[in-house]
Amino acid sequence: MRRTPVYIICSPRPLVGKTLIARLLCEFLLLQRGGVVGFDVNLKEPSLLDFLPRVTETADVDNTFGKMQLMDRLILNDDIAKVIDLGFHAFDEFFTMVGEIGFFKEAARRGVAPVVLFVADSDRASARAYAMLQSSVPARAFITIDNEYVLRGELPDALSRGRLLNIAALPVFLKTYIDRVSFSFTDYLRHEKDTSTELHQWIRDNYFSFRELELGLLLQG
Amino acid sequence: MAKPAVIVVGADKGGVGKTTVSRTVLDYFNANNVPTRAFDTESPRGTLKRFHPDITEIVDMTATADQMRIFDTLNNDVPSVTVIDVRAGLLSPALASLRDIGFLDAAKSGQITFAVFHILGPSIASLDEIAETANFMQGAKYFLVKNFINNTSFFEWDQSTYNSYFHRIKDATEITIPKLNEMAFEQVEVASVPFLKFVANKGTKDENANYSFVLRGYVRHWLANVWSEFDRIKLTDIVGKEKDKDKEKDKTGGEKAAARPGGEK
């Protein structure tokens, strides 16, 4: 049985593109695997639930019951990919809990493959969070996302030691276009006749990066 | 042959976590392959016995017959460690009884290893017990167990108050028991199994259980912290046993090691 991926998209900073990446990844996994469950731990920011309500559940890590509801699902090797859109306010609580309950070791034992996608920013909170994750998350499960829309191509050296995944910046008018709640990346690929458009290229590039990630998980398994 | 060891876990104040600490001690000895028996003084209905029924007897420590059951059998070959969970209000009378029957003198002369885990809650009423209990502690290892049953402190913010309790008894050693997540604690209560079995996801008869992964994780993390305190005070050395790290990963497939720091299954 192949391993069940659990993608944790996170940053200690608001408005760095977590939900955008979660949307992209969810749509890719829907296309690739035929199913995905998104968990929205992000109710204080623009949220995954608004964009993909049919595959997204809300979750919270403010109390033990919420943690149980979330983590007892994430630890299941049920071959259904999971994507967590982790809000900045829940970052510390989530990773403290993950460390305490030994999530990564138990996941490895059960055939679940967690992948932390850390959306980088250039502030001190991000540097501290990066150092914390580097020391607590297995290296092969830790990927830094360089969102050019946020960093403008200047990823701090301190955050570029491990695996990197680049998200190219889109022009503002296209960013506004994809930020519409009704917009679907996969629908756009399917219905847009002109495959040379910048948005078409951008979506395909990102789907290609995600496919590489999935292949990496297969090879690790 | 190792000399017999008796560990008394108690407090005069109720609700400070005596049985909880007793359970962690029994789990610790189990994980370290130290043969142990336990006595539960919550007569007639024992709480400790509910979690460790195979090794626990319920006794009435005020009854001479039961005192004989405990102390007249200390020289039997195995098990060599006896843990007594003394119910609320009975610690001082129990220690007085031990003095009267000559047990404390035997400990003082080195014939028996005797340790007292005095469980303290974060209240003045609880801390006031220290002076009284300390009177009985010649020849005993005396441990002041700070049990964080809630989010309060032990007056560390007021050094004079703190020192007046914790630094007054010269030979006492402090042990800190961190707070366990409430839901995790309740789930173990409901399951009525030792902490070790809960971590290993086992029921009362070693059948597979279905406890929450999160709650098991909290218990494992907490138990590892408690055991690191027992490691720090060299509890196995105190009772005359060497820690056997190989045997720790024994026939249970590493379950006993599961609660160790970094030893998650």
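## Pairing around strand β4 of chain A

In this predicted model, strand β2 (residues 36–41) of chain A pairs with β4(A) in the parallel sense, over 6 bridges. Within this pairing, A:D40 stands opposite A:D85 of β4(A). Strand β1 (residues 4–10) of chain A also pairs with β4(A) in the parallel sense, here over 4 bridges. Two of the positions involved can be named: A:Y7 stands opposite A:V83 in β4(A), and A:I8 has A:I84 of β4(A) as its bridge partner.

These strands belong to an open sheet of 7 strands in chain A, with parallel pairing and the order β3-β2-β4-β1-β5-β6-β7. The edges are formed by β3 (56–58) and β7 (163–167) of chain A; each has a single partner strand, so one side of each is left without a neighbour in the sheet. On average, and with direction ignored, neighbouring strands of the sheet are turned by 25° against each other.

## Burial of strand β4

Strand β4 of chain A covers residues 81–86, and 6 of its 6 residues are buried, so the strand is largely enclosed by the rest of the structure. In a regular strand the side chains alternate between the two faces of the sheet. Both faces of β4(A) are covered: A:A81, A:V83 and A:D85 are buried on one side, and A:K82, A:I84 and A:L86 are buried on the other.

## The environment of A:D85

A:D85 is found in strand β4 of chain A. The residue has 32 other C-beta atoms within 10 Å and is therefore buried, the threshold being 20 or more. Leaving aside neighbours within four places in sequence, the contacts of A:D85 are A:I9, A:K18, A:T19, A:A22, A:G38, A:D40, A:V41, A:N42 and A:L48. One of these, A:D40, is the residue that stands opposite A:D85 in the pairing of β2(A) with β4(A).

As a point of reference within the chain, A:D85 and A:E192 are 28 Å apart in space, C-alpha to C-alpha, and 107 residues apart in sequence.

## Helices packed against chain A strands

Helix α3 (residues 64–74) of chain A has A:K67, A:L70, A:M71 and A:L74 as its buried residues. Seen down the axis of α3(A), these residues fall within an arc of 90°, so they line one face of the helix. The spacing is in keeping with a general rule: an α-helix has 3.6 residues a turn, so residues three or four places apart point the same way. The cover over the buried residues of α3(A) includes β1, β2, β4, α4 (91–101) and α5 (103–110) of chain A, together with α11 of chain B.

Helix α10 (residues 198–220) of chain A lies across β1, β5 (112–119) and β7 of chain A. Relative to β5(A), helix α10(A) runs at about 145°.

## An exposed loop residue

A:R180 is found in the loop between α8 (172–178) and α9 (185–191) of chain A. With 9 C-beta neighbours inside 10 Å, A:R180 counts as exposed. A:R180 and A:D50 are 130 residues apart in sequence, and their C-alpha atoms are 10.0 Å apart in space.

## Chain B and its helix pair

Chain B has 13 helices and 7 strands. Of its 265 residues, 45% count as buried. Among the contacts in chain B with a separation of 6 or more, 74% are between residues 24 or more positions apart.

Two packed helices are described by the angle between their axes and the distance between the axes. Helix α1 (residues 18–31) of chain B and α11(B) pack at about 75°, with axes 10 Å apart, and are therefore roughly perpendicular to each other. From α1(B), residues B:T24, B:D27 and B:Y28 meet B:L223, B:V226, B:W227 and B:F230 of α11(B). The residues of this contact divide into 5 nonpolar, 1 polar and 1 charged.

## The contact between the chains

The contact takes 13 residues from chain A and 12 residues from chain B. On the chain B side, the largest share, 7 residues, comes from helix α11 (residues 213–232). The residues of chain B that touch chain A divide into 5 nonpolar, 4 polar and 3 charged. Helix α11 of chain B thus has a part in two settings: α11(B) packs with α1(B), and α11(B) is among the elements that cover the buried residues of α3(A).

Methods:
Residues numbered from 1 in each chain as written. Chains lettered and ligands numbered in written order. Predicted model: local features only at pLDDT ≥ 70, side-chain atom pairs only at ≥ 80, totals over all residues. Contact = placed C-beta atoms within 7 Å. Nonpolar A, V, L, I, M, F, W, Y, C, P; charged D, E, K, R; others polar. Buried ≥ 20, exposed ≤ 12 C-beta atoms within 10 Å, placed from the backbone. Pairing = 2+ DSSP bridges. Arc of directions from axis to C-beta. Axes fitted to C-alpha atoms, helices over the stretch in contact; angles between N-to-C directions. Parallel < 35°, antiparallel > 145°, perpendicular 65-115°, else oblique.
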